[in-house]
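Trainee: Could we go through this structure together, one question at a time? I would like to hear the reasoning behind each answer.

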Amino acid sequence: MTDYGEEQRNELEAIESIYPDSFTVLSEEPISFTITVTSDSAENEETVEVTLKFTYVEKYPDEPPLWEINSQENLEDSDAEDVLALLKQQAEENLGMVMIFTLVTAVQEKLNEIVDQIKSRREEEKLRNEREVEEAEKRAFQGTVVTIENFLTWKAKFEQDMAELKSKKHKEEEQSGKVKLTGKQLFETDHNLDTSDIQFLEDGGNSVEVDESLFQDMDDLDLDEDDPDFNPLDLESDED
């Protein structure tokens, strides 16, 4: 008959000697304890850590122990699920033998794999960011290729912007009273303009001064305007 209690106590002593700094007994009936498992350090000294809680059942090791993740650090939930699945697989493969060391060793290796995956993901992300920056710089250097479609789009937007700007400027001028009217608009808005010429003549007394000296030599000219052959241009040619 198997003495499960003795096997469990013997394994507990061995586990405590193997993991003195990470092993903690929680209770003795039933026997329950935790072991903290830490991955190897990455290049930036970052590690992944998980604390596993084990509890012996009455017929352990012929039946698998109970386990759970008590705490985790830098471990994604999806990776934690993988750790639990790994524990189940290893326990099924090692039924009938004390297995805590085997389970912890498997988890240790899994955490190291996770660290390598994290490193690979970060390197891929870094390369992707570098490519995006390089492509953005290349696009900025090359500029935008002009096509009929994007030119017409730009032209329509430009004309719309100019129309809005002109309308805004006109409204501002109206509000400030600085709108420049055309001659017709001035005439229609100011009825005093239609009498301005008449008023000018009235103010002058309807008199027009003539400089008679301009005509003082006219009497010396032999002008016969009744002559059918008279032509004023002939006078100009004679003077020359």
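Trainee: Happy to start with helix H2: how far does it reach from its first C-alpha to its last?
Mentor: Keep in mind that this is a predicted model. Helix H2 covers residues 77–93, which is 17 residues. At 1.5 Å a residue, 24 Å is expected, and the helix comes close to that with a reach of 25 Å.

Trainee: Which residues of H2 are buried, and what arc do they fall within?
Mentor: The buried residues in H2 are Asp79, Ala80, Val83, Leu86, Leu87, Gln90 and Ala91. Looking down the axis of H2, you find that they line one face of the helix, because they fall within an arc of 130 degrees.

Trainee: And which residues are exposed on the other side of H2?
Mentor: A helix has 3.6 residues a turn, so residues three or four places apart point the same way. On the other side of H2, the exposed residues are Asp77, Glu81, Glu92 and Glu93.

Trainee: Let's move to helix H1. How far apart are its end C-alpha atoms?
Mentor: H1 runs over residues 4–18, so we have 15 residues to work with. At 1.5 Å a residue they should span 21 Å. The model agrees, with the end C-alpha atoms of H1 lying apart by 21 Å.

Trainee: What arc do the buried residues of H1 cover around the axis?
Mentor: Buried in H1 are Tyr4, Gln8, Glu11, Leu12 and Ile15. They sit on the same side of H1, because the arc they cover around the axis is only 110 degrees.

Trainee: Which exposed residues does the opposite face of H1 carry?
Mentor: Here we want the face of H1 that is turned away from its buried side. The exposed residues there are Glu13 and Ser17.

Trainee: Which residue's backbone nitrogen does Asp3 reach at the start of H1?
Mentor: The atom of Asp3 to look at is a side-chain oxygen. At the start of H1, this oxygen comes to within 3.3 Å of the backbone nitrogen of Gly5.

Trainee: Now Pro61: is it buried or exposed?
Mentor: Pro61 lies in the loop between S3 and strand S4 (66–73). Its contacts, leaving aside neighbours within four places in sequence, are Tyr4, Glu7, Leu95, Gly96, Met97, Val98 and Met99. The C-alpha atoms of Pro61 and Gln8 are separated by 8.0 Å, although the two residues are 53 residues apart along the chain. With a relative accessibility of 1%, Pro61 counts as buried.

Trainee: How many bridges join strand S1 to S2?
Mentor: S1 (residues 23–28) and S2 form a hairpin, with two residues between them. Within this pair, Phe23 stands opposite Ile35, and Thr24 stands opposite Thr34. The two strands run antiparallel, and the number of bridges joining them is five.

Trainee: Over how many bridges do S2 and strand S3 pair?
Mentor: Strand S2 (residues 31–38) is mostly covered, with six of its eight residues buried. One bridge partnership with S3 is that of Thr38 and Glu49. S2 and S3 (residues 49–55) pair in the antiparallel sense, and the number of bridges is seven.

Trainee: With which side chain does Thr55 make a polar contact?
Mentor: Thr55 lies in strand S3 and, at 14% relative accessibility, counts as buried. Leaving aside neighbours within four places in sequence, Thr55 is in contact with Pro30, Ile31, Ser32, Pro65 and Leu66. The polar contact of Thr55 is 3.3 Å, and the side chain at its other end belongs to Ser32.

Trainee: Which residue forms a salt bridge with Glu159?
Mentor: The structure holds two salt bridges. In helix H4 (residues 148–176), Glu159 and its partner are separated by about one helical turn because they are four residues apart. Glu159 is partly exposed at 43% relative accessible area, and its partner is also partly exposed, at 34%. The closest N and O atoms are 2.5 Å apart, and the partner is Lys155.

Trainee: How far apart are the closest N and O atoms of Asp161 and Lys157?
Mentor: Asp161 and Lys157 both lie in helix H4, four residues apart, or about one turn. Asp161 counts as partly exposed at 33% relative accessibility, whereas Lys157 counts as exposed at 51%. They form a salt bridge, and its closest N and O atoms are separated by 3.1 Å.

Key: Residues numbered from 1 in each chain as written. Predicted model: local features only at pLDDT ≥ 70, side-chain atom pairs only at ≥ 80, totals over all residues. Heavy atoms only, no water. Salt bridge = Lys/Arg side-chain N within 4 Å of Asp/Glu carboxyl O. Buried < 20%, exposed > 50% of the residue type's maximum accessible area, 1.4 Å probe, protein only. Pairing = 2+ DSSP bridges. Contact = heavy atoms within 4.5 Å. Expected span 1.5 Å × (residues − 1). Arc of directions from axis to C-beta. Polar contact = N/O pair within 3.5 Å; in protein donor to acceptor, adjacent residues only side chain to side chain.
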